Amino acid sequence: MENASKALLMAGGILIALLVLGALLLMFNQLSDYQRSNTELLNRSQISEFNSQFNQYARNDLQGYDLISLINKVVDYNRRTGIYGELDYNIKITLTINITSAFQTKFGGTLNKLKVGTYTVKTRNDSLYQMLDEFRQYDYTYTLDVMTTLVSNRQSLLDGTKSSSEFTNDRQPFKDLSGNVVEGEELVRILDDYSEYSAFKSSTFRILDEPTYTGDQVSGMSFQYLK
């Protein structure tokens, strides 16, 4: 009888141990599922946040200065490599920007820097990025107000009745990006090119079609000059 009681107690102990082990396994599986769900949610959130950085520009009333911001964002992104979480920086983004003849008409003259046609932007080496970056440096050096004032005094600077030092903040002659002092026709050439940059910034562009994706990531956007 005593042996039977011990056997029952032993069996009961084993049963309890099995129940506890089963409960622990169930809790572990549930915790794993919870962590997996959280990871998947975080990954989806990461992709969504990444795409929203670019999709916010997918509009039909995008101003030129906003398009320049997008260009800078794309070029900066494309410099990165590797995989971080769900983001694959090896997937590059391509921007295409179509400058129509209507832009040249609006500008009211022959285009020297910008050309009618389609530009592709992915890296710093692309022509549109380099052109925009060149004139952005003039804004940094002389400020937008000074550059605008110089442009508005184009004729006086061309015929020599005024000099650039009358308008710069430090009262020093205007220098090109190589550090050379320029006046007269050479200065006006730079200012005429700068005017195309200003016209680009003040223009409105529209998105063409929807952004394209590689996997879940934005990988392409196209815009066209509107007005």
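These exercises, each with a worked solution, walk through the predicted model shown above.

Residues are numbered from 1 along each chain as its sequence is written. Local features need pLDDT of at least 70 and side-chain atom pairs count only at pLDDT 80 or more, while totals for chains, interfaces and linings use all residues; side-chain values use heavy atoms, with hydrogens and water left out.

**Exercise 1. The overall fold**

Task: State how many helices and strands the chain has, and what share of its residues is buried.

Solution.
- Start with the elements. There are seven helices and eight strands. Helices (H or I, at least four residues) and strands (E, at least two) are DSSP runs, numbered from the N terminus.
- Next, burial. Of the 227 residues in the chain, 34% are buried. Buried means under 20% relative accessible area, exposed over 50%, and partly exposed in between (1.4 Å probe, protein chains only).
- Then contacts, meaning heavy atoms within 4.5 Å. Take those with a separation of 6 or more: 60% of them join residues 24 or more positions apart.

**Exercise 2. The core**

Task: Find which residues have the most contacts inside the largest nonpolar core, and which element gives the core its largest share.

Solution.
- Define the core. It is a set of buried Ala, Val, Leu, Ile, Met, Phe, Trp, Tyr and Cys residues joined through side-chain atoms within 4.5 Å.
- The largest such core holds 52 residues, and Ile 71 and Phe 223 have the most contacts inside it.
- Helix α7 supplies the largest share of this core, with eight residues.
- Now look around Ile 71. Not counting residues up to four places away in sequence, Ile 71 touches Leu 95, Ile 97, Val 121, Leu 128, Tyr 129 and Leu 132.

**Exercise 3. Two helices that cross**

Task: Describe how α2 and α7 pack, and decide whether they are roughly parallel or perpendicular.

Solution.
- Helix α2 covers residues 64–78, and its axis lies 5 Å from that of α7, at an angle of about 95°. Axes are lines fitted to C-alpha atoms, for helices over the stretch in contact, and angles run from 0 to 180 degrees between N-to-C directions.
- So α2 is roughly perpendicular to α7. The cut-offs: under 35 degrees is roughly parallel, over 145 roughly antiparallel, 65 to 115 roughly perpendicular, and the rest oblique.
- Pick out the residues. From α2 come Gly 64, Tyr 65, Leu 67 and Ile 68; they meet Tyr 197, Phe 200 and Lys 201 of α7.

**Exercise 4. Salt bridges**

Task: Work through three salt bridges and say where their partners sit.

Solution.
- Side chains of opposite charge can pair when their charged atoms come close. The cut-off here is a side-chain nitrogen of Lys or Arg within 4 Å of a carboxyl oxygen of Asp or Glu. The whole structure has nine salt bridges.
- Glu 134 pairs with Lys 113 at 3.3 Å, N to O. Glu 134 is in helix α4 and Lys 113 in the loop between α3 (101–107) and β5 (117–121), so the pair links distant parts of the chain, 21 residues apart. Glu 134 is partly exposed at 24% relative accessibility; Lys 113 is also partly exposed, at 29%.
- Asp 139 pairs with Lys 201 at 3.4 Å, N to O. This pair joins helix α4 to helix α7 across 62 residues. Asp 139 and Lys 201 are both buried.
- Glu 186 pairs with Arg 189, with the closest N and O atoms 2.8 Å apart. The two are three residues apart in helix α7, so about one helical turn separates them. Glu 186 is partly exposed at 35%, and Arg 189 is partly exposed at 40%.

**Exercise 5. A buried charge without a bridge**

Task: Locate Glu 196 and identify the nearest side chain of opposite charge.

Solution.
- Glu 196 sits in helix α7, residues 184–202.
- Glu 196 is buried and has no salt bridge; Lys 115 is the nearest side chain of opposite charge, 6.8 Å away. Lys and Arg count as positive and Asp and Glu as negative; His and the chain ends are not counted.
- Beyond four places in sequence, the contacts of Glu 196 include Phe 103, Phe 107 and Thr 110.

**Exercise 6. Positive phi**

Task: Place Thr 143 and Arg 171, two non-glycine residues with positive phi.

Solution.
- Thr 143 has phi near 80°. Its place is the loop between α4 (127–142) and α5 (144–152). Thr 143 is partly exposed at 31%.
- Arg 171 has phi of about 60°. Arg 171 lies in the loop between α6 (154–159) and α7. Arg 171 is exposed at 53%.
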